[in-house]
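This report introduces selected local features of the structure shown below. It begins with two loop positions and then turns to helix packing.

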Amino acid sequence: MNGPHDPNDPHDSPESVAGRRRITTLVAWMVALIGISPLYGVLYQVLPDYVGGDRPTAGQGQRQAPADAGQSGQVAGTAAPAAGPGASAPPAAPVRHSTDFVPKEADWSRVLHQSGDDAARRGATIASSGNGAGAVACVSCHAGAPAGQGAAPAAPAGAFPTLAGMPADYVAKQLFDYRQDRRSDPVMGPIAKALKDDEIAALARYYAGLPAPDVTLAQGGDSPAQKLHALGDNARALPACANCHGVDGEGQGFLLPRLAGQPADYLVKQFDAFRTGARHNDGDGAMRGIAQRLGVDDVRALGRFYAGQGQR
């Protein structure tokens, strides 16, 4: 139990109280510095990669460990034989930086963000006339611009997709995938490689600004295609197409494109490309797996269904 304050007690003198406060403050600072010391190591590793500085490497203020005599074949205490005139230096060890593990924006996304306000106008010119450097006019295969205000472009013939109304991100990504051989096609591959980055962005902006085809999928039936679209097939581990591509086949973002209104021949061709691996730009391989579990009749029926040709 504390007794009454004694002004004559040396422990309660102002000098003693001030000393205890100084010690307490010093201990608190030491604890704080020790607690954040790991942060110093992180900053030492990260800052040079962001600001372009150099950190010490072996041979710069550090002593390299001697090579293992058993691995080098040299006896301790003997000099290593001189390299012959034709011998090449051993490959340098790869240098890793902390920024290697920072997510980087995809190239197709970067060029879209850098595109100017006139990108769509430039895209319309390339789509109708080509770029004069190996990329032919897109309308040669993908049909032309709409005939009137608000009208949808004419549907392309054959196995060529409808691009009108597709998200700019999707169009740009597919052109980069053609360029980088993640999507193989003898026609589109050379065209994509003949397009510059800003031209890809311009085309993507142009087609994204066009109205999408007005196609209504068949409803109220129980055809095989409708069942696969709405329910999938658990026995074959096939999820419903609508889970990813929308109840109306309208697509869900730039990675899950619109299927409604696409030509049946084009859809069949893409299923075949996923099944054979000619197209492998589906990230986790989901579409490749689905295509391999679908039968030929399933693929043809789905193609007709999404093209708006009935319930089959």
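Helices (H or I, at least four residues) are DSSP runs, numbered from the N terminus. The model is predicted: local features need pLDDT of at least 70, side-chain atom pairs count only at pLDDT 80 or more, and totals for chains, interfaces and linings use all residues. Residues are numbered from 1 along each chain as its sequence is written, and side-chain values use heavy atoms, without hydrogens and water.

Most residues other than glycine have a negative phi. The table lists two non-glycine residues with positive phi; partly exposed denotes a relative accessible area between the limits for buried (under 20%) and exposed (over 50%), with a 1.4 Å probe and protein chains only.

| Residue | Phi | Loop | Relative accessible area |
|---|---|---|---|
| Aspartate 181 | near 60° | between helix 7 and helix 8 (188-194) | 45%, partly exposed |
| Alanine 237 | about 55° | between helix 10 (224-230) and helix 11 (242-245) | 48%, partly exposed |

Helix 7 (residues 168-179) also packs against helix 9 (residues 197-208): their axes, lines fitted to C-alpha atoms over the stretch in contact, come within 8 Å and cross at roughly 140°, on a scale from 0 to 180 degrees between N-to-C directions. In this contact (heavy atoms within 4.5 Å), Phe176 and Arg179 are among the residues of helix 7, and Ile200 and Arg205 are among those of helix 9.

Within helix 7, arginine 179 lies over the face of phenylalanine 176, 4.7 Å from the ring centre; the rule requires CZ of Arg within 6 Å of the ring centre and within 35 degrees of the ring normal.

Elsewhere, phenylalanine 305 and tyrosine 306 are both buried.

How values were computed:
Helix = DSSP H or I, 4+ residues; strand = E, 2+ residues; numbered from the N terminus.
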